[in-house]
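User: Hey, I've just opened this one and have never seen it before. Can you walk me through it?
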Amino acid sequence: MAIIDPGHAAKQLIYERVFRSATLAAAILVLLILGGVFVSLLRGSWPALSHFGFSFVTREIWNPVTDEYGALAPIYGTVVTSVIAMLIAVPAGFGIALFLTELCPPLLKRPIGVAVELLAAVPSIIFGIWGLFVLAPLLQRHVQPWLIEHVGHLPLVGPLFKGPPFGIGILTAGMVLAIMVLPFIAATMRDVFDTVPPMLKESGYGLGATTWEVMWNVVVPHSRVGIVGGIMLGLGRALGETMAVTFVIGNAHRISSSILAPGTTISSAIANEFTEAVGDLYTSSLIALGLLLFLITFTVIAAAQAMLRRLERRGFAVA
Amino acid sequence: MTRRTRRKVTNGVFLALSLIATMAGLACLAAILWTLLSNGIAGMSWHLFTQMTPPPGGQGGLLNALYGSAVMTLLGILIGSPIGLLAGTYLAEYGRDSRLSIAIRFINDVLLSAPSIIIGLFVYEIVVVRMGHFSAIAGALALAVLAIPVTLRTTEDMLNLVPLGMKDSSAALGAYPWRTTLSVLYPAARSGIVTGLLLAVARISGETAPLLFTALNNQFWSTDLNAPMANLPVVIFQFALSPYKDWQDLAWAGALIITVTILILSISARVLLALLQAERRS
């Protein structure tokens with residue numbers, strides 16, 4: 001006969017409380033980490049922010065000798081490299097997703113999908129040395145001279161492609177970034193396209209639409225939110241990517257009109273200079289750059305997640 | 001051109017472009033792997049695993065860097081994954097759709113794609129500045145912070161996959177949720193949780209940016225967790241950017257080792273997951 005032991009039940013209840021509290025504490029720690037990141041960056045950047053005030057984000061000067069720092073050049077570099085990356089990666093990612101959902105023979109669907117995802121697993125430092133030793137010389141010898149000669153004279157876009165072909169620079173960094181964020185964009189878009197009910201697509205085909213017409217007029221409008229979410233997720237990665245950019249950006253604190261010229265980004269400036277920074281104001285300015293990057297990427301990623309979450313309620317798992 | 005041909009041509013052009021995009025993406029992966037293999041194989045030798053990183057122009061290997069990377073990755077996982085596991089358990093079993101859980105889930109997804117250099121700065125501020133010097137333990141903590149979101153995410157997903165009937169049966173036997181979680185849910189979700197661990201190891205073992213100003217680097221053999229420690233990614237970073245041929249060769253060899261390791265980890269995680277899904281279906 002089973003006897004209910006009150007001591008046993010009490011012990012069970014204690015274990016239950018301990019376990020529950022432990023899981024709750026771990027969960028809250030996640031919130032604390034994000035809060036801690038913000039607070040510690042704010043504290044670390046306070047000397048620079050209080051010294052320079054708002055002009056920190058509007059000035060181009062970056063001079064460790066006179067101890068004057070402004071974030072405009074890194075902000076400019078971050079934005080321009082990310083824009084170049086998105087201009088390349090968004091259409092390419094869309095193409096890959098289209099290929100995987102509509103064209104690919106079923107037998108190849110998994111291997112190609114996995115290959116694209118493996119590209120996402122390659123560490124960023126590998127993209128960096130590949131960019132520096134393979135892509136940059138290639139661009140310097142074959143692509144940039146052509147751009148300078150043929151596009152450099154055109155009105156409007158001409159000034160973007162002026163100057164000597166360095167190999168490394170803003171354009172090269174943007175291209176490396178494009179390759180890095182491509183798998184994220186392609187995988188998210190593929191998953192979003194897969195959520196489109198087959199019935200909708202079949203209706204399109206039934207009306208005699210071509211594959212492209214079904215894609216552009218049925219699938220894309222249906223998955224608009226998810227597409228934008230995927231693009232923003234890729235943008236968030238591109239903005240914060242550090243090592244790959246550090247290798248190929250050239251680390252020059254100035255704003256050039258040409259995208260062939262070397263530049264700098266927020267993350268590469270921190271990676272390059274942080275351990276060498278002497279003086280509190282220098283270190284603090286670099287941390288202030290980190291704070292800026294945190295705020296920018298947080299906004300972009302949070303917006304992306306919010307958009308993808310709207311889809312998730314329709315039965316879509318965020319990648 | 002008739003309307004019909006124009007539509008057909010448009011279709012053909014865009015489908016061809018999509019094929020080209022896919023080929024280009026695959027070509028990039030192939031080009032990177034090819035470069036790594038052709039440059040890295042040359043530097044492969046036993047010296048890599050028996051000697052320390054050399055001064056410029058000297059002979060040497062990567063032993064201290066490999067050791068440091070292994071130690072910090074292991075410590076990072078040991079610290080980070082239990083937190084991720086417990087937090088994931090909270091979301092799946094206790095919190096569910098409470099406002100707190102929704103917030104945590106959201107923040108976790110943000111952390112998952114947050115730039116790792118920011119995490120490096122964070123650990124620099126709270127550990128390195130306090131301690132007054134760079135250390136292996138600071139590096140391990142930075143990696144732990146990066147491992148948490150990965151394990152949290154997979155744990156929650158995998159626990160949600162466990163059939164509800166199993167949980168109900170355990171509860172019907174009078175087991176408290178903690179007992180159900182430990183004795184029923186974790187064993188049932190085992191391979192999924194292991195997948196999460198593999199993915200976390202793959203994620204943090206190639207990270208460079210967060211180690212730059214936490215663990216720094218060390219040219220010599222060191223097992224002191226309280227001192228700067230060599231690690232593969234930072235060594236690759238320094239050696240690849242140096243003008244010395246020997247250093248660059250070592251950087252390529254290191255890059256090959258790190259990439260192969262990470263690709264093997266990612267592929268095993270995927271295989272494990274595929275096996276798991278096959279098991280569920282049967």
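Analyst: Sure, let's go through confidence, the shape of a chain, and then the contact between chains. Keep in mind that this is a predicted model.

User: OK, what ipTM and pTM does the predictor give the complex?
Analyst: The complex gets an ipTM of 0.90 and a pTM of 0.91 from the predictor.

User: And what's the mean pLDDT of chain B?
Analyst: For chain B the mean is 91, and 100% of its residues reach 70 or more. Chain A averages 89, with 96% of the residues scoring at least 70.

User: Where in chain A is confidence lowest, and where is it highest?
Analyst: The low end is helix α3 (residues 106-121) of chain A, with a mean of 88. The high end is helix α2 (residues 72-103) of chain A, at 94.

User: Switching topic: how many helices and strands does chain A have?
Analyst: Chain A has eleven helices and two strands. Going along the sequence, the pattern of chain A reads α-β-β-α-α-α-α-α-α-α-α-α-α.

User: What's the radius of gyration of chain A?
Analyst: Chain A comes out at 25 Å, whereas a compact globule of 319 residues would be near 20 Å. Along the principal axes, the C-alpha atoms of chain A fill a box of roughly 90 × 65 × 35 Å.

User: Now the contact. How many residues does each of chain A and chain B put in?
Analyst: Chain A brings 82 residues and chain B brings 79. Together the two chains bury about 7,200 Å², and 79% of that is on carbon and sulfur atoms.

User: How many salt bridges are there across that interface?
Analyst: Three salt bridges cross between chain B and chain A, while the structure holds 13 over all chains.

User: Which residue of chain B does Glu117(A) meet in a salt bridge?
Analyst: Glu117(A) pairs with Arg270(B), at 2.3 Å from N to O. That pair runs from helix α3 of chain A to helix α12 (residues 245-281) of chain B. Another salt bridge joins Arg309(A) and Asp109(B), at 2.4 Å from N to O.

User: Why would side chains like those pair up?
Analyst: Because side chains of opposite charge can pair when their charged atoms come close.

User: And how many residue pairs are in polar contact across the interface?
Analyst: Ten residue pairs, with both residues at pLDDT 80 or more.

User: Which helix gives the most to chain B's side?
Analyst: Helix α1 (residues 3-43) of chain B, which gives 17 residues to the side touching chain A. By class, that side of chain B has 57 nonpolar, 15 polar and seven charged residues.

How values were computed:
Residues numbered from 1 in each chain as written. Chains lettered and ligands numbered in written order. Heavy atoms only, no water. Contact = heavy atoms within 4.5 Å. Buried area = accessible area lost by both parts, 1.4 Å probe. Salt bridge = Lys/Arg side-chain N within 4 Å of Asp/Glu carboxyl O. Polar contact = N/O pair within 3.5 Å; in protein donor to acceptor, adjacent residues only side chain to side chain. Helix = DSSP H or I, 4+ residues; strand = E, 2+ residues; numbered from the N terminus. Nonpolar A, V, L, I, M, F, W, Y, C, P; charged D, E, K, R; others polar. pLDDT = per-residue confidence, 0-100. Rg over C-alpha atoms; globule rule 2.2 N^0.38 Å.
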